[in-house]
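Biologist: Please take one part of this model and go through it closely. I would like to know what packs against what, and how the neighbouring pieces are arranged.

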Amino acid sequence: MKGRHSLLLILALTLLLPACRKEVKFELTGELTGLQTDRLLVIYDDPVARLDTIFPKNGTFTYTFIPDTFTNFRLVNDSGMYIPIFAGKGWEVRLKGSFRHPETEGDGPNSDYRDFLSSISGHENDTAFLRKQAETFIQSHPESFASAYVLEQYFIRTASPDRDRISRLMEPLTGRVKDCRVLAPATALLGEKKNDSRFVNYFSCKDRNGNYLSWNSGKEAYTLISFWASWDAASISERDSLFSLLSDFPEEKFRVLNFSLDTSREDWLKACREDSKQWMETCDFKGWDNQLVRQNSVARLPANLLIDHSRRILGTGLHGEALKAKLKELIK
């Protein structure tokens with residue numbers, strides 16, 4: 001009799017487990033138009049930072065996982081544009097439209113973000129209007145994680161962030177929202193004296209084979225973002241110097257991300273060196289119109305930015321012995 005009861009219990013648990021898993025599973029379904037690639041990068045912001053990849057078929061995909069707790073992540077296309085997604089146990093989110101005009105439907109902050117997008121529809125080229133609506137949204141949604149991403153998109157990811165305005169907008173946000181990883185650069189910026197520190201906004205980039213580069217990994221690593229072009233003799237000479245410098249520092253401590261301003265793939269490839277853990281080549285073929293170039297006021301070549309794992313800028317325009325001395329100071 002006892003064995004029969006045990007068998008019935010096991011059978012009941014077997015039937016219940018799929019239902020339980022369905023209740024806690026998060027599901028994102030997407031039908032996006034205008035995709036220029038068959039891959040989307042998934043960047044997890046909270047509670048932990050990690051990367052994943054989605055492979056849409058004709059713009060359609062389903063992405064599922066079981067979140068341990070409330071989770072924020074972004075879908076990023078090959079141009080660096082992103083769409084924030086918010087995941088909770090049992091939530092279902094539907095995404096349509098395009099990266100320029102996304103349409104989100106779902107639980108929690110997903111509906112908040114949908115309402116914000118609705119409020120700016122038709123005014124995407126009016127910067128003053130966008131910032132006004134963004135400010136109104138943030139002030140009326142201090143407990144929503146959607147506010148963190150709106151703040152990042154319209155006030156932090158700019159060429160010259162307004163420190164005072166960012167501080168004013170962050171003040172009423174709840175502690176959980178302030179602690180969101182996407183606001184980490186702003187939090188650090190506000191903790192420094194004005195103009196003492198700047199941060200490079202996150203950007204995704206690909207190698208020659210179209211694979212995304214993990215260029216910002218490693219808490220103890222420093223990255224030199226080196227801007228160059230195959231048509232610029234001075235930056236070619238600088239690359240030779242940088243390549244020789246690699247052997248002076250361990251690969252887990254220092255790497256060079258070579259960001260080309262070429263507009264011709266053929267010219268870029270001819271001038272590239274072999275990739276390694278310390279030497280990475282990337283190019284989006286937008287030349288001087290690249291977002292990273294504009295945001296950091298790169299006006300001539302060669303140019304570079306030395307950053308740490310949090311993308312904090314530690315130095316700009318460091319060359320030769322000055323760069324070597326700075327790296328020795330940091331890497332002890």
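Modeller: What follows starts at one helix and works outward to the strands and the core around it. The model is a predicted one.

The part I have chosen is helix α4, residues 145–156. This helix supplies nine residues to the largest nonpolar core, the largest share of that core. The core has 53 residues, and Phe116, Leu151, Phe203 and Phe227 are those with the most contacts inside it. In soluble globular proteins, nonpolar side chains tend to be buried together. A separate core of 18 residues lies apart from this one and includes Ile54, Ile85, Val93 and Phe99.

One neighbour of α4 is helix α2, residues 109–120. The two axes are 8 Å apart and make an angle of about 40 degrees. The cut-offs put angles under 35 degrees as roughly parallel and 65 to 115 as roughly perpendicular; α2 and α4 are therefore oblique to each other. On the α2 side the contact is made by Pro109, Asp112, Tyr113, Phe116 and Ile120, and on the α4 side by Phe145, Ala146, Val150, Gln153 and Tyr154. Sorted by class, these are eight nonpolar residues, one polar and one charged. Phe116 thus appears in this contact and also among the residues with the most contacts inside the core.

Helix α4 also lies across three strands, β2 (40–46), β5 and β6, and runs at about 165 degrees to β6. These strands belong to an open sheet of four, in the order β3-β2-β5-β6, with antiparallel pairing. The edges are β3 (50–54) and β6 (82–87); each has a single partner strand, so one side of each has no neighbour in the sheet. Averaged over the sheet and ignoring direction, neighbouring strands are turned by 30 degrees against each other.

Although β6 is an edge strand, six of its six residues are buried, so β6 is largely enclosed by the rest of the structure. In a regular strand the side chains alternate between the two faces of the sheet. In β6, Tyr82, Pro84 and Phe86 are on one side and Ile83, Ile85 and Ala87 on the other, and both faces are covered. The partner of β6 is β5 (residues 71–76), joined to β6 by six bridges in an antiparallel arrangement. Asn72 stands opposite Phe86, and Leu75 opposite Ile83. Five residues separate the two strands of this hairpin, and Gly80 in the turn has a positive phi of about 90 degrees.

Back in the core that α4 contributes to, Phe227 leads to another set of strands. Among the residues that Phe227 touches are Phe259, Leu261, Leu292, Ala303, Asn304 and Leu305. Ala303, Asn304 and Leu305 are in strand β12, which spans residues 303–307. Five of the five residues of β12 are buried, so this strand is largely enclosed as well. Ala303, Leu305 and Ile307 point one way, and Asn304 and Leu306 the other. Strand β9 (residues 222–228) runs antiparallel to β12 and is joined to it by five bridges, with Thr223 opposite Ile307. Strand β13 (residues 313–316) is also antiparallel to β12, through three bridges, and Gly315 is the bridge partner of Leu306. The hairpin of β12 and β13 has five residues between the strands, and Arg311 takes a positive phi near 70 degrees.

Note on methods: Residues numbered from 1 in each chain as written. Predicted model: local features only at pLDDT ≥ 70, side-chain atom pairs only at ≥ 80, totals over all residues. Heavy atoms only, no water. Core = buried A, V, L, I, M, F, W, Y, C linked by side-chain atoms within 4.5 Å. Buried < 20%, exposed > 50% of the residue type's maximum accessible area, 1.4 Å probe, protein only. Contact = heavy atoms within 4.5 Å. Axes fitted to C-alpha atoms, helices over the stretch in contact; angles between N-to-C directions. Parallel < 35°, antiparallel > 145°, perpendicular 65-115°, else oblique. Nonpolar A, V, L, I, M, F, W, Y, C, P; charged D, E, K, R; others polar. Pairing = 2+ DSSP bridges. Lists of a residue's contacts leave out its neighbours within four places in sequence.
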